[in-house]
Amino acid sequence: MSAPTLWCVVPAAGRGARVGGDCPKQYLPLAGRPLIAHTLERLAAHPRIGGLLVTLAVADAHWSGIGTLNGKPVLTAIGGAERSDSVLAGIDALPASVGAGDFVLVHDAARPCVRLADIGKLIELAGAADGGLLGAPLRDTLKRANAAGRSELTEPRDLRWRAFTPQMFRRAQLAAALREAARRGVNVSDEAMAMELAGFAPLLVEGAEDNIKVTTAADFALAEFLLSRTA
Ligand code: CTP
Ligand code: MG
């Protein structure tokens, strides 16, 4: 019997303010096609991913309207003001066939270079550990700056990780954690943070550092280069 497939929620309702283009960054061209097309194709290419739920901004005029990719359903929902609102809207819009205890992946539209092998590694390891996320241990020496931009002290680097996506948690637990964070007025920057606040300890799964989040205009050239040599 083949392993069950999972749904992946893809938040794509941001404005891309730091890129500053004339349309949201997920629709700017990367190697000749919209950035988000690369991300969605990579996700749909993974044998363990069975469907994509993309959250879009209200009145998004750029969405392609695509309904299937690699034979897998692509659904959409309207996102919210913060990334966490968009993720929660996506989870709420998942089909009823996704059970409360089923794992769901969340992956930023802005991370087109994620490797299929790392998605598989996350599903395997986080699935056996009640949820987790891709990330990488910090490599550089970490400084604490003061208001004048001078280095005040050197932070310990051990046990410090950078958090990437995909992140993978059980549907109902993640929805409850995101709702509780919102109720408490905590702006969570990723799913794992909401889960931590709810008392969970998500598994950190080491992934390739070239899973960059396209954030500035300069990142497009880097992502183009990385896309051509990662799979
Ligand atoms: N996102 C979202 N809903 C929001 C904000 C962000 O779905 N209200 C999505 C973005 O579209 C992106 C991902 O979350 O795919 C990661 O967010 P980020 O890189 O910060 O993208 P933006 O918020 O669009 O960029 P910026 O912060 O520069 O405006
Ligand atoms: Mg943002």
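In which loop does Asn-70 lie? Keep that question in mind while the tour begins elsewhere; the model on screen is a predicted one, and the stops below go from the ligand outward to single residues of the backbone and the surface.

**Stop one: the ligand**

Select ligand 1 and display the residues around it: there are 19 of them, and the closest are Ala-13, Gly-16, Ala-17, Lys-25 and Ser-86. By residue class, this shell divides into 7 nonpolar, 5 polar and 7 charged residues. If you colour by secondary structure, you will find that strand 1, residues 6-12, and helix 2, residues 83-92, each supply at least two residues of the shell.

Next, draw the distances from the ligand to three residues in turn. At Gly-16, a backbone N or O atom lies 2.8 Å from an oxygen atom of ligand 1. At Ala-81, the partner is again a backbone N or O atom, placed 3.0 Å from a nitrogen atom of the ligand. At Ser-86, by contrast, the side chain takes part, with one of its N or O atoms 2.7 Å from a nitrogen atom of ligand 1. Of the 560 Å² of accessible area that ligand 1 has on its own, the protein covers 88%. With a pocket surface switched on, ligand 1 is seen to sit in the largest pocket.

**Stop two: the segment before strand 1**

Move to Thr-5, which is found in the segment before strand 1. Is Thr-5 buried or exposed? Its relative accessible area is 47%, so Thr-5 falls in between and is partly exposed. Select Gly-51 together with Thr-5, and the two C-alpha atoms turn out to be 8.1 Å apart in space, although the residues are 46 apart in sequence.

**Stop three: backbone geometry**

Most residues other than glycine have a negative phi, and most peptide bonds are trans. Three places are worth selecting with that in view.

Start with the peptide bond that joins Thr-165 and Pro-166, which is cis, with omega at about 5°. Pro-166 has its place in strand 11, residues 161-170.

Go on to Ala-31, where phi is positive, near 50°, in a residue other than glycine. Ala-31 belongs to the loop between strand 2 (29-30) and strand 3 (33-34), and it counts as partly exposed because its relative accessibility is 48%.

Then select Asn-70, which takes us back to the opening question: Asn-70 lies in the loop between strand 5 (68-69) and strand 6 (72-78). Its phi, near 55°, is likewise positive in a residue other than glycine. With a relative accessible area of 57%, Asn-70 is exposed, since the cut-off for that class is over 50%.

**Stop four: exposed loops and long distances**

For the last part, show the protein surface and select three loop residues, each with a partner for a C-alpha to C-alpha distance.

The loop between strand 4 (49-56) and strand 5 holds Ala-61, which is exposed because its relative accessible area is 71%. From the C-alpha of Ala-61, draw a line to that of Glu-152; the two residues are 91 apart along the chain, and the line spans 47 Å.

Gly-149 is placed in the loop between strand 9 (142-145) and strand 10 (151-155), and at 61% relative accessibility Gly-149 counts as exposed. Paired with Thr-76, Gly-149 gives a C-alpha separation of 43 Å, with their positions 73 residues apart in sequence.

Finally, find Arg-18 in the loop between strand 1 and strand 2. Arg-18 counts as exposed, its relative accessibility being 60%. How far apart in space are Arg-18 and Pro-73? From C-alpha to C-alpha they are 31 Å apart, and in sequence the two are 55 residues apart.

Methods. Residues numbered from 1 in each chain as written. Chains lettered and ligands numbered in written order. Predicted model: local features only at pLDDT ≥ 70, side-chain atom pairs only at ≥ 80, totals over all residues. Heavy atoms only, no water. Near = heavy atom within 4 Å. Polar contact = N/O pair within 3.5 Å; in protein donor to acceptor, adjacent residues only side chain to side chain. Areas by Shrake-Rupley, 256 points an atom, 1.4 Å probe, with all protein chains shown as cover. 1 Å grid on protein atoms, 1.4 Å probe; cavity = no way out; pocket = protein on both sides within 12 Å on 5 of 7 lines; lining within 4 Å. Sits in = over half its atoms within 2 Å of the grid points. Helix = DSSP H or I, 4+ residues; strand = E, 2+ residues; numbered from the N terminus. Nonpolar A, V, L, I, M, F, W, Y, C, P; charged D, E, K, R; others polar. Buried < 20%, exposed > 50% of the residue type's maximum accessible area, 1.4 Å probe, protein only.
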